[in-house]
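Trainee: I would like to learn how to read the features of a model like this one. Where should we begin?

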2 protein chains.
Amino acid sequence: MNLAIHPETFKVACSSCNLRELCMPIGFNLDDMKRLDEVVATRRRIKQGDLLFTSGEPFTSLYAIRTGFFKTSVSTDDGREQVTGFQMAGEVIGLDGIVSDSHSCNAVALEDSDVCVMPFANVEELSREFPVLQRHVHKIMSREIVRENSVMMLLGNMRAEERLAAFLLNLVQRLHARGFSQSELVLRMTREEIGSYLGMKLETVSRTFSKFSEDGIIDVKQRYVRIVQPDALKQIFNPETC
Amino acid sequence: MNLAIHPETFKVACSSCNLRELCMPIGFNLDDMKRLDEVVATRRRIKQGDLLFTSGEPFTSLYAIRTGFFKTSVSTDDGREQVTGFQMAGEVIGLDGIVSDSHSCNAVALEDSDVCVMPFANVEELSREFPVLQRHVHKIMSREIVRENSVMMLLGNMRAEERLAAFLLNLVQRLHARGFSQSELVLRMTREEIGSYLGMKLETVSRTFSKFSEDGIIDVKQRYVRIVQPDALKQIFNPETC
DNA sequence: AGATAGCTTTGATGCAAATCAAACAATTGT
DNA sequence: ACAATTGTTTGATTTGCATCAAAGCTATCT
């Protein structure tokens, strides 16, 4: 790799990464950690709006997000887009590519981002050597399957208010796990992208935000959201609990 | 395992199973195949309507369907059910349990069925030994992720007719891959279960079937469906192609 | 600072699918 | 063979969200 030509790519050590607990298994000794560093080949910077990978592109690597924020989406031939997920630091994307050796979705950076490139051949080789890494990879894939199951529940069974409540609670919970506030967040995506993810139109997303705001459940100012009554949101999401 | 007490469970060899190409990787020699047989601990019979596993139950094994038909579903606390998939012979279920060591969905047999019980510890151990099995397991999980992505597209973006067309085409394609007709099928699930999977009510499913029938695209008689104009179905599913 | 483009909000109207309702098969049990 | 149960079809009505439309806000560029 020629760094003069590809200044955006460079090597980095997992063993010294502060996201280690998030994207790497725990329970390694120092020597193992050094070996584990081999899973990451390079680091890559993606500017806001740029694609990390696209549907149809050959699959070579998984990507661990170091900093930044992504959306993944699939499209129909007639141009309809479905956002399939929003991913933040410590999360892994690219799993869709394994089955057919080519990606089936697009990954777009919603802010300037930084990812660790993990060639899948490395992941598989080291997984055979380290059962704890193997288990970790399996858990990441299973977690994605379970997440998509709950999105199916959202899309198939829930009304607009429930969907948006679930969305906000999920986002803030993941941000909180990363040391951010559990009541305030800045949305990285547009109303249209939220709507695409939740199976509703951008106008409905906007109206539902306004409704929550009128009801005193949240404060909204464009991309900034403060959750004033988290319990009210939880009740909307999970109506039986009342 | 006491066969007198558990007559429904007994050992079976993958190496002699006629679904081998579907649930096992290819490219093994005979000796490897013998080792690979160890992945399956037992076989288990599930009667129509019975549960293979339920949400909350400890995760121990994956299940390869030998014969029969399953649905998987998740539920909200207030009793709403979302069918997350229909699975047939040669397909693997239980992947949802890996992430938290307990299942997060229910698997119900829609007809008398027969599954190979593959303790996940065996799967992981043999995966470390056989890269081709490791790759196979990864592909199965990735395939499930990609499938769920397309269900999200269905639920988020498509109208009732498109959803049902996609559903029928997908079912018949999978049945055809198993040697069945590419134009006739017998539905193993109720209108309500189809509706739950596709995010619509049973009445809408029924009406859409009737509509397709009136338009001469399919013949329907209760659970029996014959696809008269596959191209018309494809066009409904994929409107741009015309 | 002003202009342009992109995003968001809010209102008015329309429609696809949900809901409510009832009759009609098909299947299961006695 | 009959009753009871479960599943399916079809019709009438309602409704939640989409669509259409227009104005307001923010950010970016010159």
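Mentor: Begin with strand pairing: two strands count as paired if DSSP finds at least two bridges between them. The model is predicted. Here, strand β8 (residues 218-221) of chain B is joined to β9(B) by four bridges, and the two run antiparallel.

Trainee: Which residue of β9(B) does B:K221 stand opposite?

Mentor: B:K221 faces B:Y224. The two strands, β8(B) and β9(B), make a hairpin with two residues between them. In that turn, B:Q222 has a positive phi of about 55°.

Trainee: Which other strand pairs with β9(B), and in what sense?

Mentor: Strand β7 (residues 184-186) of chain B does, in the antiparallel sense, over three bridges. Within this pairing, B:L185 has B:V225 as its bridge partner.

Trainee: Which residues of β9(B) lie on the covered face, and which on the uncovered one?

Mentor: In β9 (residues 224-227) of chain B, B:V225 and B:I227 make up the covered face. B:Y224 and B:R226 form the uncovered face. B:V225 is thus the residue to note twice: it is on the covered face and is the bridge partner of B:L185.

Trainee: Next, the interface. How many residues does each chain give to the contact?

Mentor: The size of an interface is often given as the accessible area lost when the parts come together. Here we have residue counts: 42 from chain A and 42 from chain B. On the chain A side, the elements giving two or more residues are β4 (81-88), α3 (120-129) and α4 (131-157). The largest share, 20 residues, is from α4(A). By class, this side of chain A has 14 nonpolar, 16 polar and 12 charged residues.

Trainee: Which residues are closest to DNA strand D?

Mentor: They are A:R159, A:T204, B:T190, B:S206 and B:S210, out of 19 residues that surround the strand. Elements that give two or more residues to this surface are α7 (202-214) of chain A, and α6 (191-198) and α7 (202-214) of chain B. The most, six residues, comes from α7(B). The surface has five nonpolar, six polar and eight charged residues.

Trainee: What is the average pLDDT of chain A?

Mentor: pLDDT is the predictor's confidence in each residue, from 0 to 100. Chain A averages 91, with 93% of its residues scoring at least 70. Among its elements, helix α1 (residues 20-23) has the lowest mean, 83, and helix α6 (residues 191-198) the highest, 98. Over residues 1-8 of chain A the pLDDT is below 50, and this stretch has six contacts in the model beyond near neighbours in sequence.

Note on methods. Residues numbered from 1 in each chain as written. Chains lettered and ligands numbered in written order. Predicted model: local features only at pLDDT ≥ 70, side-chain atom pairs only at ≥ 80, totals over all residues. Contact = placed C-beta atoms within 7 Å. Nonpolar A, V, L, I, M, F, W, Y, C, P; charged D, E, K, R; others polar. Buried ≥ 20, exposed ≤ 12 C-beta atoms within 10 Å, placed from the backbone. Near = placed C-beta within 6 Å.
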